[in-house]
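Me: Please take a close look at one part of this model, the backbone. I want the strand pairings, the turns and the unusual torsions.

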Amino acid sequence: MDLVINDVLIPDFKTQKFVKGCVGINKGRVVEVSQAPLKGEVVLDGKEAYLSPGLIDCHCHIESSYLIPSQFGTQALKRGVLHIVADCHEIANVAGRKGLEFFIKDSENTKCNILFAVPSCVPATSFATSGGEITLEDVETLFHYEKVVALGELMNYEGVINKEEKFVKMIELAKKYGKVVNGHAPKLTGEKLRAYVSAGIEDDHENETYEEVLEKIQAGLKVFIREGSAEHTKDKAYEIIKEYSEKVMFCSDDKTAEDLITLGHIDYNLRKAISLGIEPILALKVATYNGLLHYGLKEFAEVKVGNRAYFVLFDKNFKVRKLVIDGEVYDVKNVKSKVSDVPEFLLNSFKVRPIENVPRVKHHELCILVRDGSLITEKLVLAGHDQEYDLENDILKIVNIERYGHGNRSAGKIKGFGLKRGAIATSVSHDCHNILAVGTSDKAIKAVVNAIIENQGGLALFDEKEVYLVSLRVGGIVSNEEAESLVKKLRFLKEKAKELGSPLTDPFATLSFMALEVIPHIKLTDKGLFDVDRFCYF
């Protein structure tokens, strides 16, 4: 045998117990599981550690980390996550199918088994301008890729419930090619939820409470308990694992590179579950076995004879000690990915020149109100207020500069960013990824917008003396540098934003959602100030 791991605790998900044993591996597969010590070319003493199938993130958007798939995979591996199902609708909104195909290709540069869900809603609506789209023809083409295992979250649940032709055909294609159909059903209950499920939806990750999770399981869905950077699941919801352990899985949805490094990935979900009183064997079942079976990865789902040797050696606290990938042992400190060559169309995705002037505010009486930690904005009415800037009352200017060559530009007022001088800007602006900037003067806004255009994407800050920029050259939304290096730059920029007066935990992350026209209540797209509740422009 190539590799032997003696004296380990092996999870038996059928009896829901850990069994002490020894595992023999040859040519990447398990060939023997024994109570007695085994011999092989390489022998590891497990010292009664847990030998588990690799963890799986059942739903995530890699772009939220600002990393390309290969670099995201490196960080995932360090946390024992050997499998990922990624819905990369951000890069698709920038560059369509070609952008997604680059991500699929780049994922081959990591030992992490990154799989993909074809984005179902690109663009999200017609009220903002994106650089790419995913058509029905694209969906079918992408379903032929071996790495594609699902149809991505169907965010337009009204369209699904009302049986709009586009979504009916997408779901039919998914069923035809044996792909999982991912759901997106925030706060959906009752008859609407049942109609959504009956349309062919199989799972959902938009859950915060025990009651939501319970109703969705009883309606026929499998549920993903989510722990992202901004989105979290209530502690009580974890109790569902005790009642429906076979129906629950874990996901991260959106996680920053900084949180991946400092807090963890699916290992965070796993340890949280155990800390809340879930039996380790059940928590591990939810973190591995259930998701692997859900996506047809049965040969990775258990430590048993005949299965692929993709395992994690955990210590007693479920911290990663070693990885076994395709039968080879890896130390987490030495996990690296190959450096990818990024195609020219993604390195130069901006089709606009530097701006000469900043657009004017049209609706002086309306203001976007931001609250820290929430993507939901409120409409603030400013009676008789005709100033574009009112720093004393934290009324700043926000602008949206379309970057795909159509010439759209818009401006509005915003409260909550707290800047006392300068400006910040980002080309990561969901879902279309045009340029968003907030500032205390037109001069400052112009400086950060042009810095992003000239550098083909990134996050920028102007402190009235100097422009600071974190480059995100790949599609204007991600970087191909290593996570540790990128995180240092991001931390520096966040600290600079606090020096400008912002009280927000992460002003750049907050800014990135100020154009997303499907999250209540008021947003600024490249076409103007948008009333999400009435789904029309002001």
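Reply: What follows covers two hairpins, then the backbone exceptions.

The model is predicted, so to speak of local features a pLDDT of at least 70 is needed, side-chain atom pairs count only at pLDDT 80 or more, and totals for chains, interfaces and linings use all residues. Residues are numbered from 1 along each chain as its sequence is written, and side-chain values use heavy atoms, with hydrogens and water left out.

Start with strands S13 and S14. Helices (H or I, at least four residues) and strands (E, at least two) are DSSP runs, numbered from the N terminus. Two strands pair if DSSP finds at least two bridges between them. S13 spans residues 310-314 and S14 spans residues 320-325. They pair in the antiparallel sense, over five bridges. In one of these, leucine 313 has lysine 322 of S14 as its bridge partner. The two strands form a hairpin with five residues between them. In that turn, phenylalanine 318 has a positive phi of about 60°.

S14 also pairs with strand S15, residues 328-330. The sense is again antiparallel, with three bridges. Isoleucine 325 has glutamate 328 of S15 as its bridge partner. S14 and S15 form a hairpin too, with two residues between them. Aspartate 326 in this turn has a positive phi of about 55°.

Why look at these torsions? Because most residues other than glycine have a negative phi, and most peptide bonds are trans.

Positive phi turns up elsewhere. Lysine 47 has a phi near 55° and is not a glycine. This residue sits within strand S4, residues 42-53. Glutamine 456 also has a positive phi, of about 60°. Its place is the loop between helix H14 (442-454) and strand S22 (458-462).

Are these two residues buried or exposed? Buried means under 20% relative accessible area, exposed over 50%, and partly exposed in between (1.4 Å probe, protein chains only). Lysine 47 counts as exposed because its relative accessibility is 59%. Glutamine 456 counts as buried because its value is 12%.

Now the cis peptide bonds. One joins valine 122 and proline 123, with omega about -5°. Proline 123 lies in the loop between strand S7 (113-118) and helix H3 (136-143). Another cis bond runs from histidine 430 to aspartate 431, with omega near -10°. Aspartate 431 lies in the loop between strand S20 (423-426) and strand S21 (435-439).
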